[in-house]
Amino acid sequence: MGLKNNIFKSGIYLFIARGFDKLTSLISILILARLLEPSEFGLIALALIVVSVLESITAISLETAIINKKEINRHDLDVAWTYGRVLRSLMIASIVILLSPFIANFFEEPRLEFILQVMMLGQILNGFQNIGMILYIKNLDFQKDFYLSIISRILRIFVLIFSAFYFKSVWAFVFAYLALCFSSAFLSYYLHPFRPNLNFNTKILKDLFSFGGWVFLSQLTISINGIID
């Protein structure tokens with residue numbers, strides 16, 4: 001009965017969070033359409049495509065292994081955080097910063113170079129989010145994750161609309177992205193007591209990847225298929 005209750009509550013939290021996300025996105029677009037030029041929307045879309053592509057092809061699914069593993073310890077969480085979040089985010093940020101001049105040149109959008117470089121601050125913040133939050137997901141307790149999602153998105157909308165009124169440019173989206181990343185990272189430590197440490201244990205990494213690796217290959221195939229266009 002307890003499991004059924006948890007699943008039911010989790011479903012409600014997910015439904016509300018996704019509904020809130022869709023509703024606020026629609027409201028934001030309706031407001032921003034009156035404040036920004038269409039080209040500004042296109043510019044942030046290009047930046048987000050670059051970031052999402054790299055995130056997709058580097059997602060090694062260590063956290064999926066954590067969620068599905070029957071017994072986990074602190075070392076498992078530390079290793080998954082070190083490789084799956086911290087090092088991955090630093091790698092993505094380094095690649096984007098190095099390639100940003102070429103990406104901007106390819107799309108013939110000079111402003112895209114600096115936009116991508118600034119957005120990598122958010123990428124690094126994402127990498128340092130508290131991995132302890134996935135323990136709530138493992139236990140089908142989505143309440144805290146729901147709070148994180150709602151609060152961070154409310155802050156994002158506030159920053160987005162305020163910045164759009166003030167700057168009237170693509171930087172409204174960039175600052176909103178940074179606000180989302182910062183608030184998510186901060187709340188992840190506020191909402192869960194776990195404090196991760198760097199752990200480069202390759203034996204544990206291999207053990208986690210033995211499961212997560214297959215999920216990674218599956219996601220990579222889907223991502224590449226979606227990226228081709």
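Helix axes are lines fitted to C-alpha atoms over the stretch in contact, and angles between them run from 0 to 180 degrees between N-to-C directions. In this predicted model, helix α2 (residues 38–57) and helix α8 (residues 171–191) pack at an angle of about 40°. Their axes lie 9 Å apart. Two packed helices are described by these two quantities, the angle between the axes and the distance between them. Angles under 35 degrees count as roughly parallel, and those from 65 to 115 as roughly perpendicular. The α2 and α8 helices are therefore oblique to each other.

The contact between α2 and α8 can be given residue by residue. From α2 come E40, F41, I44 and V51. They meet F173, V174 and Y177 of α8. By class, this contact has six nonpolar residues and one charged residue, with no polar residues.

The overall fold gives the setting. The protein chain has nine helices and zero strands. Read from the N terminus, the order of elements is α-α-α-α-α-α-α-α-α. The chain has 229 residues, and buried residues make up 42% of them. Contacts between residues at least 6 apart in sequence were also sorted by separation. Of these, 84% join residues at least 24 apart. The chain exposes about 13200 Å². Carbon and sulfur atoms supply 68% of that area.

Aromatic rings were examined next. The structure holds ten aromatic pairs. One of them joins Y166 and F167 in an edge-to-face arrangement. Their ring centres are 4.8 Å apart, with 85° between the planes. Y166 has a relative accessibility of 61%, so this residue counts as exposed. F167 has a relative accessible area of 41% and is therefore partly exposed. A further pair, W171 with F175, is tilted. Here the centre-to-centre distance is 6.0 Å and the planes are 35° apart. Both W171 and F175 lie in helix α8. They are four residues apart, about one turn of the helix. F175 counts as partly exposed because its relative accessibility is 30%. Ring pairs link F114, Y166, F167, W171 and F175 into a cluster.

Helix α8 also carries two buried serines, S184 and S188. S184 has a relative accessible area of 8%, so S184 is buried. Leaving aside neighbours within four places in sequence, S184 is in contact with Q129, L148 and S152. S188 has a relative accessibility of 0% and therefore counts as buried. With neighbours within four places in sequence again left aside, S188 is in contact with Q129, N130, M133 and L148. Q129 and L148 thus appear in the contact lists of both serines.

Burial was also examined in helix α9 (residues 202–227), which contains L205. L205 is buried, with a relative accessible area of 19%. The cut-off matters here, because buried means under 20% relative accessible area. Not counting residues up to four places away in sequence, L205 touches L62, V79 and Y83. The C-alpha atom of L205 is separated by 9.6 Å from that of G84. Along the chain, L205 and G84 are 121 residues apart.

Two loop residues stand out by backbone geometry. Most residues other than glycine have a negative phi. E108 has a positive phi, near 55°. E108 lies in the loop between α4 (74–107) and α5 (111–127). With a relative accessible area of 68%, E108 is exposed. L140 likewise has a positive phi near 55° and is a residue other than glycine. The loop holding L140 runs between α6 (134–138) and α7 (143–167). L140 counts as partly exposed, at 28% relative accessibility.

How values were computed. Residues are numbered from 1 along each chain as its sequence is written. This is a predicted model: local features need pLDDT of at least 70, side-chain atom pairs count only at pLDDT 80 or more; totals for chains, interfaces and linings use all residues. Side-chain values use heavy atoms; hydrogens and water are left out. Angles under 35 degrees count as roughly parallel, over 145 as roughly antiparallel, 65 to 115 as roughly perpendicular and the rest as oblique. Contact means heavy atoms within 4.5 Å. Ala, Val, Leu, Ile, Met, Phe, Trp, Tyr, Cys and Pro count as nonpolar, Asp, Glu, Lys and Arg as charged, and the others, Gly among them, as polar. Buried means under 20% relative accessible area, exposed over 50%, partly exposed in between (1.4 Å probe, protein chains only). Accessible areas come from the Shrake-Rupley method with a 1.4 Å probe; for residues, only the protein chains shown count as cover. Rings of Phe, Tyr and Trp (its six-membered ring) pair if their centres lie within 6.5 Å; planes under 30 degrees apart count as stacked, over 60 as edge-to-face and the rest as tilted.
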